[in-house]
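Visitor: Please take one part of this model and look at it closely. I would like the charged side chains and their partners, and then how that part sits in the rest of the chain.

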Amino acid sequence: KRKKRFEEQLNKIDGTLCTIEFQREALENASTNTEVLKNMGYAAKALAGAHKEIGDIDQVQDLMDDIQEQQELANEISDAISNPIGFQQDIDEDDLLAELEGMEQEDMDSMMLNIPKHTHTHTPVCVCLGQIFEYWSERKSEREARDVY
């Protein structure tokens, strides 16, 4: 009988311990939940303060647009600074060659106009034509040398 009574008493104590353990876990969970909620409140207030300082989304977008404009301006300045001074990059080689040929033609026309008249001198025409041929040969050699490079 005594053993049975001790076993019943042990079962009651065991049940009490289980109930206390359950309540302790419930209290820990409640305490943890309270701390979590407090921290979430602090975080919400901190975010609200930060957002208040930042302003509304339109102000943020305006700021981002300003940053983009300044970045584009900085890129333009960098591009301008990095280009060599005194050298135009948009010069057309065909235009330059046409201008050179025009200048050579002007020289030729000038030579042709300055051929001495045979009334006062006795320079044969073939000598003058030889000078013109020599001039054009030199120019041709110069053009060919330029084309090689």
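Guide: Arg 24 makes a salt bridge with Glu 28, and their closest N and O atoms are 2.5 Å apart. This is read from a predicted model. Both residues belong to helix H1, where a spacing of 4 residues puts Arg 24 and Glu 28 about one turn of the helix apart. Arg 24 also meets Glu 21 in a salt bridge, at 2.4 Å from N to O. Here the spacing is 3 residues, again about one turn of the helix, and Arg 24 and Glu 21 both lie in H1. Glu 21, Arg 24 and Glu 28 are thus linked in a network of salt bridges.

How buried or exposed are these side chains? Arg 24 has a relative accessible area of 38%, so it counts as partly exposed. Glu 21 is in the partly exposed class because its relative accessibility is 35%. For Glu 28 the relative accessible area is 43%, which is again partly exposed. The cut-offs behind this class are 20% and 50%: a residue under the lower value is buried, and one over the upper value is exposed.

Further along H1 there is a salt bridge between Lys 38 and Glu 35, with 3.5 Å between the closest N and O atoms. Lys 38 and Glu 35 are 3 residues apart in helix H1, so about one helical turn separates them. Lys 38 is partly exposed, at a relative accessible area of 40%, and Glu 35 is partly exposed too, at 39%. How many salt bridges does a search of the whole structure find? It finds 3.

Helix H1 covers residues 2-54 and also holds Val 36. Val 36 joins Leu 37 and Met 40 in a nonpolar patch on the surface, and together the three have about 310 Å² of accessible area. Val 36 itself has a relative accessible area of 41% and is therefore partly exposed. A residue enters such a patch only with over 30% relative accessible area, and the 41% of Val 36 meets that condition.

Outside H1, charge gathers in another way. Asp 56, Asp 58, Asp 62, Asp 65, Asp 66, Glu 69, Glu 72, Glu 76 and Asp 79 form a patch of negative charge on the surface. One of these residues, Glu 69, is found in helix H2, which covers residues 57-82. Glu 69 is partly exposed, with 48% relative accessibility.

As for the chain around this part, its secondary structure consists of 4 helices and 0 strands. Read from the N terminus, the order of elements is α-α-α-α. The chain has 149 residues, and 4% of them count as buried. About 13,700 Å² of the chain is exposed, with carbon and sulfur atoms supplying 58% of that area.

How far can the details be trusted? The average pLDDT of the chain is 80, and 78% of the residues score at least 70. Confidence is highest in H1, at a mean of 91, and lowest in helix H4 (residues 125-148), at 67. Where pLDDT is low, the predicted coordinates should not be read in detail.

Key
Residues are numbered from 1 along each chain as its sequence is written. Side-chain values use heavy atoms; hydrogens and water are left out. Patches are made of residues with over 30% relative accessible area and no salt bridge: like charges are joined within 9 Å, nonpolar side chains (Val, Leu, Ile, Met, Phe, Trp, Tyr) within 5 Å. Accessible areas come from the Shrake-Rupley method with a 1.4 Å probe; for residues, only the protein chains shown count as cover. A salt bridge is a side-chain nitrogen of Lys or Arg within 4 Å of a carboxyl oxygen of Asp or Glu. Helices (H or I, at least four residues) and strands (E, at least two) are DSSP runs, numbered from the N terminus. Buried means under 20% relative accessible area, exposed over 50%, partly exposed in between (1.4 Å probe, protein chains only). Lys and Arg count as positive and Asp and Glu as negative; His and the chain ends are not counted. The place of a charge is taken as NZ of Lys, CZ of Arg, CG of Asp or CD of Glu. pLDDT is the predictor's confidence in each residue, from 0 to 100.
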